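The exercises below train the reading of a protein model, from strands to side chains. Please attempt each task before studying its solution.

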Amino acid sequence: MKSSRIGVVLASIAIAGTAIAGEVFAPRQLMARTTASQSLETVIPKQFGNWKLVPEISPVKPVDPEAYVQPPDPLLAKVYSQEVARGYTDGEGHIVMLLVAYGPVQNYKLKAHRPEICYTANGFRVSEKNASTLAVSDGALKITRLIAERESRYEPITYWMKVGNEISNGVVDNQISRLKYGLRGIIPDGSLIRVSTIGLNKEASFKLQDQFIRELLAALPSQEREFFLDKS
């Protein structure tokens, strides 16, 4: 009986300790408000190299059935505060679609939406997902590739995601990155960069996407380019 009472006491202490620790170590500093705010519409050029904007092209946009929650700060309600969705042509009949989305909060309730989830929600069948790296002038860019298909539409996709300053494409990596910031009392911001093509086979699509990504990054001033790259 005595040992049972001791067990109850210890359990109560553990529960109380967890609650206190959760309150003490809860992230409180919003990373997005400690850095200069960028306008993606302004930062991302509408023309660079041989690439020109095609206004009538509209990429698949993130789908969020729980886009709004009720946090203390209504400014944090939307997952993404900025989205740029564009189509570009290289003048040779090739079309590349670009989507860049930025959100001020990357926590366990509000997190960037993975393309495989968004495309599935839009009725696509997703396959051949794999991690890769792309050599760019600033080093190696960690990317994820996959194929999305719906009826006659065949769309190879390349994307990468950031949590704070880190590229973090995997589910576990995302959680670890958020945890590391959380232990420092910081709520990280995040972004999704996605490039896709239609009308080409897989090999040709990824080759064209790689070219587009390299040329887009090269067209950005170094300070603005940091938004797209790993700074950890």
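**Exercise 1. A pair of strands**

In which sense do strand β6 (residues 125-136) and strand β7 (residues 139-150) pair, and over how many bridges?

Solution. The structure is a predicted model. Step 1: locate the two strands, β6 at residues 125-136 and β7 at residues 139-150. Step 2: state the pairing, which is antiparallel and extends over 10 bridges. Step 3: examine one bridge; Ala135 has Ala140 in β7 as its partner. Step 4: describe the connection; β6 and β7 make a hairpin, with 2 residues between them.

**Exercise 2. The surroundings of strand β8**

Determine how many residues of strand β8 (residues 153-163) are buried, and identify strands with which β8 pairs.

Solution. Step 1: consider burial. A residue counts as buried under 20% relative accessible area. In β8, 9 of the 11 residues are buried, and the strand is thus described as mostly covered.

Step 2: turn to β7. This strand runs antiparallel to β8, and 7 bridges join the two. Ile147 stands opposite Pro156 in β8. The hairpin of β7 and β8 has 2 residues between its strands, and Glu151 takes a positive phi near 55° there.

Step 3: turn to strand β11 (residues 190-197). β8 and β11 also run antiparallel and are joined by 7 bridges. Here Met161 has Leu192 in β11 as its bridge partner.

Step 4: turn to β9. The pairing of β8 with β9 is antiparallel and comprises 2 bridges. Lys162 is found opposite Ile167 in β9. In the hairpin of β8 and β9, with 2 residues between the strands, Gly164 has a positive phi near 65°.

**Exercise 3. Aromatic rings**

How many aromatic pairs are there, and why is the pair of Tyr102 and Phe227 classed as it is?

Solution. Step 1: recall the description required. A pair of aromatic rings is characterised by the distance of the centres and the angle of the planes.

Step 2: give the total, which is 7 aromatic pairs. For Tyr102 and Phe227, the ring centres are 6.0 Å apart and the planes stand at 50°, so the pair is tilted. The cut-offs explain this class: planes under 30 degrees apart count as stacked, those over 60 as edge-to-face, and the rest as tilted.

Step 3: place the pair in the chain. Tyr102 belongs to strand β5 (residues 95-103) and Phe227 to the segment after α6 (222-225), so the pair ties together parts that are 125 residues apart in sequence.

Step 4: check the accessibility of each partner. Tyr102 is buried at 13% relative accessibility, and Phe227 is buried at 11%.

Step 5: look for a cluster of rings. Phe48, Trp51, Tyr88 and Phe212 are linked into one by ring pairs.

**Exercise 4. Salt bridges**

How many salt bridges does a search of the whole structure find, and which parts does the bridge of Arg86 and Glu41 tie together?

Solution. Step 1: recall the principle. Side chains of opposite charge can pair when their charged atoms come close.

Step 2: give the total, which is 10 salt bridges in the whole structure. In the bridge between Arg86 and Glu41, the closest N and O atoms are 2.9 Å apart. Arg86 lies in strand β4 (residues 82-89) and Glu41 in helix α2 (residues 40-43), so parts 45 residues apart in sequence are tied together. Arg86 is buried at 5% relative accessible area, whereas Glu41 is partly exposed at 44%.

Step 3: study two further bridges. Arg153 and Glu155 meet at 2.8 Å, N to O; Arg153 is partly exposed at 25%, while Glu155 is buried at 0%. Glu166 and Lys180 meet at 3.2 Å, N to O. Glu166 lies in strand β9 (residues 166-167) and Lys180 in helix α4 (residues 171-183), so this pair ties together parts that are 14 residues apart in sequence.

Step 4: note a network. Salt bridges link Arg114, Glu116 and Lys129.

**Exercise 5. The neighbours of Arg145**

Over which ring does the charged end of Arg145 sit, and is Asp210 buried or exposed?

Solution. Step 1: the charged end of Arg145 sits over the ring of Phe206, 4.6 Å from its centre. Step 2: Asp210 is located in helix α5 (residues 202-219) and is buried, with a relative accessible area of 13%. Step 3: leaving out residues up to four places away in sequence, Asp210 touches Leu134 and Arg145.

How values were computed:
Residues numbered from 1 in each chain as written. Predicted model: local features only at pLDDT ≥ 70, side-chain atom pairs only at ≥ 80, totals over all residues. Heavy atoms only, no water. Phe/Tyr/Trp six-rings, centres within 6.5 Å; stacked < 30°, edge-to-face > 60°. Helix = DSSP H or I, 4+ residues; strand = E, 2+ residues; numbered from the N terminus. Buried < 20%, exposed > 50% of the residue type's maximum accessible area, 1.4 Å probe, protein only. Lys NZ or Arg CZ within 6 Å of the ring centre and 35° of its normal. Salt bridge = Lys/Arg side-chain N within 4 Å of Asp/Glu carboxyl O. Contact = heavy atoms within 4.5 Å. Pairing = 2+ DSSP bridges.
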